[in-house]
Structures are given as structure tokens and as C-alpha cells.
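The following exercises concern the overall form and the surface of one protein model. Each task is followed by a solution in steps.

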Amino acid sequence: MGYFNCFALGFFVALSLASIDVGVAARHLQQLPPMPTLPTTTLPPFPSIPNLPQPSIPSFPRPGALPPLPAMPALPTLPSVPRATLPPLPSMPSIPTIPTTIPSIPFFSPPPSPSP
């Protein structure tokens, strides 16, 4: 756990020191004089897309002209397996009940005190 705390502290310090340079660079960019405007040029228009010939789509045979699919053969029937019967489970002995009453603790009389 101590190693993780040391690693996290080192990472936080490194990240803080790295962000100082970014802040200095941003301030430096803000203090520069404004940039001169650059000349703009006009772009030539895009060329037009030529009209290409459309390909001809071949004709496919219609679904009604296809031969019918073969019929599925009948699956063989499986012989019936005899059912196994399990013997009845033996009856469980009854669980003894735990007494819920607490027996009283006998109190003995104190020993006789010595007489003077």
C-alpha cells in the first residue's frame, strides 16, 4: 500500500511539472503580436463526372423453373427403452429436539458465620 502511495505521489508531481511548460507556452502564444492575414485563392471548380454506360444484368432462371427438391427419407424408429424403477427411500429417523428451557441453577445457602 505504501508503494502505491509513493508511486501516485511521484506520478502527480511529474504531471504537475509537465503542465507548467504548457502554461508557459500558452502565455507566450498569447503575448505574440497578431498574425497577418494570409491571401486567399479561389479554387478551380470540380470536374464533372462523366456518364458511364450501365452494365446489363444477366437474366437468371426463375424459381418455378428449378427442379423440385428430393423428398426426405423417413427416419428409422428407435426401440423403446424400459423404464428403471427406483426402490423406495428408507425413512429417516426423527431428529431429537433441542430443549428450549434453561434449567435453573441451584443456589446453596451461605456457610454459617463464626459467632463471637
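A residue is called buried under 20% relative accessible area, exposed over 50%, and partly exposed in between (1.4 Å probe, protein chains only). The model is predicted: local features need pLDDT of at least 70, side-chain atom pairs count only at pLDDT 80 or more, and totals for chains, interfaces and linings use all residues. Residues are numbered from 1 along each chain as its sequence is written, and side-chain values use heavy atoms, with hydrogens and water left out.

**Exercise 1.** Determine how the radius of gyration of the protein relates to that of a compact globule of 116 residues.

Solution. Step 1: the radius of gyration is taken over C-alpha atoms, and the globule rule is 2.2 Å times the number of residues to the power 0.38. Step 2: for 116 residues a compact globule would have a value near 13 Å, whereas the protein has 50 Å. Step 3: the C-alpha trace spans about 130 × 85 × 25 Å along its principal axes.

**Exercise 2.** State how many helices and strands the protein has, and what share of its residues counts as buried.

Solution. Step 1: helices (H or I, at least four residues) and strands (E, at least two) are DSSP runs, numbered from the N terminus. Step 2: the protein has one helix and zero strands. Step 3: of the 116 residues, 0% count as buried. Step 4: about 13500 Å² is exposed, and carbon and sulfur atoms supply 73% of that area; accessible areas come from the Shrake-Rupley method with a 1.4 Å probe, and for residues only the protein chains shown count as cover.

**Exercise 3.** Classify P93, L75 and P112 as buried or exposed.

Solution. Step 1: P93 is in the segment after α1. P93 is exposed because its relative accessible area is 64%. Its C-alpha is 33 Å from that of I105, twelve residues apart in sequence.

Step 2: L75 also belongs to the segment after α1. With a relative accessible area of 75%, L75 is therefore exposed. L75 and P61, 14 residues apart in sequence, are separated by 33 Å, C-alpha to C-alpha.

Step 3: P112 is found in the segment after α1. Its relative accessible area is 76%, so P112 is exposed. Between P112 and L17 there are 88 Å in space, C-alpha to C-alpha, and the two are 95 residues apart in sequence.

**Exercise 4.** Where does V13 lie, and which class of exposure applies to V13?

Solution. Step 1: helix α1 (residues 2-30) contains V13. Step 2: V13 is partly exposed because its relative accessible area is 40%.
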